[in-house]
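Visitor: I would like a close look at the disulfides in this structure. Please take them one by one, then show me the cavities and the backbone oddities as well.

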Amino acid sequence: MASPEPKGLVPFTRECLEVMEQHSAKKPSEEDKDLKPNCDLEVGKELPFVYGNLPQAMVSEPLEDVDPYYTNKRTFIVLNKKRTIFRFSATWCTLSPFNSIRRATIKILVHPFFRLFILVSVLTDCIFMSMTDLPKWGPALQNTLLGIYTFEILVKLIARGIWAGPFYFFGDSWNWLDFSVTLFEHISRYSPLNFISVFRIMRNLRILKIIPLNQGLKSFAAILIRCLKKLTVVIILTLFFLSVFSLIGMGLFMGNLKHKCLRWPQENETDMLNNRTGNPYYIRETENFYYLEGERYALLCGNRSDASQCPEGYVCVKAGVNPDDGFTNFDSFGWALLALFRLMTQDYPEALYHQILYASGKVYMIFFVMISFWFAFYMASLFLGLLAISYEEEKQTAAEKATIDQEFQKSLSELQEEKITAETKTIQIEMKKRPSTSMITSLDALDDATISHKEELKKSRQRCPFCWYRFAKTFLIWDCSPCWLKLKQFVHRIIMDPFIDLFLTICIILNINFLALEHYPMSLETSNILSIGNVVFIGIFTTEMIFKIIAMHPYGYFQVGWNIYDSLIVFHGLAELYLTNFHGLVILRSFRVLRIFRLGRYWPTFKILMLTLCNSIVALKDLVLLLFTFIFFSAVVGLNLYGSNYKKYVCNINEDCQLPHWHMHDFFHSFLNVFRILCGEWIETLWDCFKVAGQFSCIPFYLMVILIGKLLVSNPCFKTFLENLCIVVWHFHNVDL
């Protein structure tokens, strides 16, 4: 890395561009080859304050690149009001940095309002994508949004240039996505050909535009994409083993799931049966099959001794269709592959186990044990393990960059302090050379300036105005008389005793037990006992609060966060006593459960656990937002692909021609359906999708949701959460030792 000494911000001029071109024409030296980009000066980060204040004249104006790595790369930077770094190329397929049109587009692009305006437009578009029936002014709004996206692309093209290199428009894959979607939207709207269905699907990709507009989402998306590249070998290996076991399953079970118990016709029934079916050897009529009570599908059977046997009067024949409306079978490679993928993801596997064991025999349980061990345990663990390793490597790389950034910032700060100290010493030396009177006066002025600067800094860090501190110290600190101070010391000695803390902990635990004893219906005696216990606990907690206020003064009491929480619990309990008889305020009873968290004050390990869980939630905020974005995108795609089909072919999935609980006719149910797929239950909804939309349309959508949403996005969420729990367990172990 280059020397941490920062150079000041310098406007980018034609002379600077000529110097860059001269340097780039020369052969790079060894020092230039060893240079690496400064992580603290990357695009999107805030310029460190050690580079000095940003003059208003330099805001949104081209400046010389402060990173030594880009000295010969013919680039310049632009800073907005928030000191955010934007880097542009000065040459190749673009207008000159000194062109007035390009300068204007750069000012628009780097302005914080522009990004906010695009984000609001995308969110508005997402809301309208989730609607099945648009209002009358919906098409006009869609045209307006299309105009906004087109304007954004034009601004980026002019500001960055038409090229595929770094810092150009087509150098960013997200810009490729925006350009493709916008171009296709224009073609589908103004072309004479009918592209309505394809247009609606392509337009849904606009939802993914939320990702590059948020730096955290963009970083996590880049990490997951890099992890996916590292998992290519594992994915190919998994597909290979799935194909091998699918071929084995075809050889073992092909046609077996059509074995059913057929009623063997008696002598007086032969003619009727033949006339009804038209074929005495292959019978499809369901009323001739044997059904168990309450079952939808006919009983499967087999011709082996260890397979399921038919009852008396029935014979096992290959007839009818396969189970689950013909979607569960090993009759072809595609269906066998789907069945094996279902076993790998462990979605309703026991039903498939029973079907095969009934139709082929119990000995084939060995096959399913092998499948479960190899895929559900070994291959899945291998996939998740490599995903966790790849994810951890990316995090370590980011952490190393952050460490370098911290060291760089620290060195810059030390350098700045050294400069200030040197300047101060220089001033003092110059003052000592002057006459004594002026020297004393100047030194006093310098000391006064330093003291006043520290006081201003201290005041700036205060959370409230100074008048509120005066009010609090005057009215909230009770030290009026010696008798009161003696009472305060006595109460302080009592309430701060460790046995009092133990007593309060026992009371909290007993209160939790009383809350757990509530049930429905309760006898009058039990209800009275629980009510009396609630009043007693509220009285104990109220007494504790009053004693602590006396011992610590109101000012000192409310300086502690746990005391504020305790006071809220007490006020809630008192309000509940007076308002519980009012209609509609019974909901206050549900807030009693908040008393459980008071254990965090007296139980250190419980407090550490809560803090760790809160930290894990904070660490997961970007990843959870990315997961929600993917679920929303998948729900909208499912709505546009299959929503109308569920209504049109509803009779194929329901005998009463009513929509089932799980469908994609509206956004709400489509969202729930996608969430159910991510939870691991997808095969039954896939069968319904087959009936209304066809196999070739549903399988790609379900594979996308399962592979990307469940394996690639959900698992890092749980991994990060488990990492924090492991930290807690490690801390508990050290505490016990």
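Guide: What follows goes through the disulfides, then the cavities, then a small sheet and some backbone details. The model is predicted.

Start with the count. There are 4 disulfides. A disulfide is a covalent bond between the sulfur atoms of two cysteines. Number the bonded cysteines along the chain, and the pairing pattern reads 1-3, 2-4, 5-6, 7-8.

Take C301 and C316. A disulfide joins C301 to C316, with an S to S distance of 2.1 Å. The pair links distant parts of the chain, 15 residues apart. C301 sits in the loop between α11 (270–277) and β5 (314–318). C316 lies in strand β5 itself. The angle about the S-S bond is 95 degrees, and the link of C301 and C316 is right-handed. Are these cysteines buried or exposed? C301 counts as buried because its relative accessibility is 0%, under the 20% cut-off. C316 has a relative accessible area of 17%, so C316 is buried too.

Next come C651 and C657. Their sulfur atoms are 2.0 Å apart, and the two form a disulfide. The torsion about the S-S bond is about 115 degrees, so this disulfide is right-handed. Now the accessibility. C651 is at 45% and counts as partly exposed. C657 is at 34% and also counts as partly exposed.

Then look at C689 and C698. Here the sulfur atoms of the disulfide are 1.9 Å apart. The torsion about the S-S bond is about -85 degrees, so the disulfide of C689 and C698 is left-handed. C689 is buried, with a relative accessible area of 0%. C698 is buried as well, also with a relative accessible area of 0%.

Two further cysteines deserve a glance for their accessibility. C483 is exposed because its relative accessible area is 63%, over the 50% cut-off. C507 stands at 4% relative accessibility, so C507 counts as buried.

Now the cavities. The structure holds 2 cavities of 30 Å³ or more. The largest has a volume of about 50 Å³. Which residues line the largest cavity? They are F327, T328, N329, W335, L338, A339, R342, L352, I683 and W687. Helix α12 (333–344) and helix α25 (683–693) each supply at least two residues of this lining. The most comes from α12, with 4 residues. By type, the lining of the largest cavity divides into 7 nonpolar, 2 polar and 1 charged.

The second largest cavity holds about 40 Å³ of space. Its lining is made of N511, F514, L515, E518, L530, N534 and R592. The elements that give two or more residues to this lining are α18 and α19. Helix α18 gives the most, with 3 residues. The residues of this lining divide into 3 nonpolar, 2 polar and 2 charged.

Stay with α18 and α19 for a backbone detail. P521 is found in the loop between α18 (498–516) and α19 (524–557). The peptide bond from Y520 to P521 is cis, with omega near -5 degrees. Most residues other than glycine have a negative phi, and most peptide bonds are trans.

Phi gives two more points to check. S60 has a phi near 60 degrees, a positive value in a residue other than glycine. S60 lies in the loop between α2 (30–34) and β1 (63–64). Its relative accessible area is 12%, so S60 is buried. R74 has a phi near 55 degrees, again a positive value in a residue other than glycine. R74 is found in the loop between β1 and β2 (75–79). At 26% relative accessibility, R74 counts as partly exposed.

Those loops lead to a sheet. The sheet is open, has 3 strands in the order β1-β2-β3, and pairs them antiparallel. Its edge strands are β1 and β3 (85–89), and each pairs on one side only. Strands β2 and β3 pair in the antiparallel sense over 5 bridges. One residue to pick out is F76: its bridge partner in β3 is F88.

Key
Residues are numbered from 1 along each chain as its sequence is written. This is a predicted model: local features need pLDDT of at least 70, side-chain atom pairs count only at pLDDT 80 or more; totals for chains, interfaces and linings use all residues. Side-chain values use heavy atoms; hydrogens and water are left out. Buried means under 20% relative accessible area, exposed over 50%, partly exposed in between (1.4 Å probe, protein chains only). A disulfide is a pair of cysteine sulfur atoms within 2.5 Å. Two strands pair if DSSP finds at least two bridges between them. On a 1 Å grid over the protein atoms alone, a cavity is a set of points where a 1.4 Å probe fits but cannot get out, and a pocket is an open set with protein on both sides within 12 Å along at least five of seven lines; lining residues have an atom within 4 Å of a point. Grid points are joined across faces, edges and corners, and a volume is the space filled by probe spheres set on the points. Ala, Val, Leu, Ile, Met, Phe, Trp, Tyr, Cys and Pro count as nonpolar, Asp, Glu, Lys and Arg as charged, and the others, Gly among them, as polar.
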